[in-house]
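Got your viewer open? Let's walk through this one stop by stop, picking selections as we go.

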Amino acid sequence: MNEFRTTPSKTKGVRKHRLLIGEANPALRGYLLAVLGADGHEVVAMASGVDLMDALAVSLHPEFGSGHFDLVISEARMLGAEEARVLRRFGDRAKVPPFVLTTVFGDKELQVKAKQFGALAVLDKPLDIDELRQIVNTSLHHLTENRDSFGVAMGATLNTIERQGAAGE
């Protein structure tokens, strides 16, 4: 059974940022919800890649009105060529939020692919929570100032992942 959890922002009615978390480990997912929620972010957490993509789709659809996500933090293994195709279709109609990827297998090949994907960072597990918080806060500050240029760069990197996925199939 897939699990969906959310925590409201602690900023007393003022929207800070909305984060989407993709993490299969329930303990780590709960910890990220607690820590990032305590930092004042509204956090939505998903346990699978399918649920992550569904939440992202709903957030980008103008009629559903769930509100866009400012940043996605996801296990790298949840995002493959098929997810890139889905994200590309989203990107044609809306701005896909930036990603921070986490991994147990932080090899050089993954780092290269993640950068091609447009990931802001790739963090090895076990996570250094202070490093993650710093990346989240710095990235959100920077992206708030430069939101328009990011959408163009994300579209180009999604095209690269689709081509690589098709070549590898």
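Which residue in β6 stands opposite Thr-103? Select Thr-103 and look across: the residue facing Thr-103 is Asp-124 in β6.

Before moving on, some ground rules. This is a predicted model, where local features need pLDDT of at least 70 and side-chain atom pairs count only at pLDDT 80 or more, while totals for chains, interfaces and linings use all residues. Residues are numbered from 1 along each chain as its sequence is written, and side-chain values use heavy atoms, with hydrogens and water left out.

**Stop 1: the strands**

Stay with β5, residues 99-103. Helices and strands here are DSSP runs (H or I, at least four residues, for helices; E, at least two, for strands), numbered from the N terminus. β5 pairs with β6 in the parallel sense over four bridges; two strands pair if DSSP finds at least two bridges between them. Add helix α4 (residues 108-117) to the selection, and you have β5, α4 and β6 as a right-handed β-α-β unit. To check the hand yourself, point the strands away from you: the path from the first strand over the helix to the second should run clockwise.

Now select β4, which is joined to β5 by four bridges, the two running parallel. Glu-75 has Thr-102 as its bridge partner in β5. β2 is also parallel to β4, again with four bridges, and there Ile-21 stands opposite Ile-73 of β4.

**Stop 2: the two faces of β4**

Show the β4 side chains. In a regular strand, side chains alternate between the two faces of the sheet. Here Leu-71, Ile-73 and Glu-75 point one way, and Val-72 and Ser-74 the other. Five of the five β4 residues are buried, where buried means under 20% relative accessible area, exposed over 50% and partly exposed in between (1.4 Å probe, protein chains only).

**Stop 3: Asp-70**

Step back to Asp-70, in the loop between α2 (49-60) and β4 (71-75). Asp-70 is buried, at 3% relative accessible area. What does its side chain reach at 2.7 Å? That would be the backbone nitrogen of Arg-18. The Asp-70 side chain also makes a polar contact with the His-68 side chain at 2.9 Å. A polar contact is a pair of N or O atoms within 3.5 Å; within protein, one must be able to donate a hydrogen and the other to accept it, and residues adjacent in sequence count only if both atoms are side-chain atoms.

**Stop 4: salt bridges**

The whole structure has six salt bridges, each a side-chain nitrogen of Lys or Arg within 4 Å of a carboxyl oxygen of Asp or Glu. Select Lys-125 and Glu-23: their closest N and O atoms are 2.9 Å apart. This pair links distant parts of the chain, 102 residues apart, with Lys-125 in the loop between β6 (121-124) and α5 (129-145) and Glu-23 in the loop between β2 (18-22) and α1 (26-38). Lys-125 also meets Glu-75 in a salt bridge, 2.9 Å from N to O, this time spanning 50 residues. Both acids are buried: Glu-23 at 2% and Glu-75 at 5%. Bring in Arg-77 as well, and Glu-23, Glu-75, Arg-77 and Lys-125 are linked in a network of salt bridges.

Last selection: Arg-133 and Asp-130, a salt bridge with closest N and O atoms 3.9 Å apart. Because they are three residues apart in helix α5, about one helical turn separates them. Arg-133 is partly exposed at 30%, and Asp-130 is exposed at 52%.
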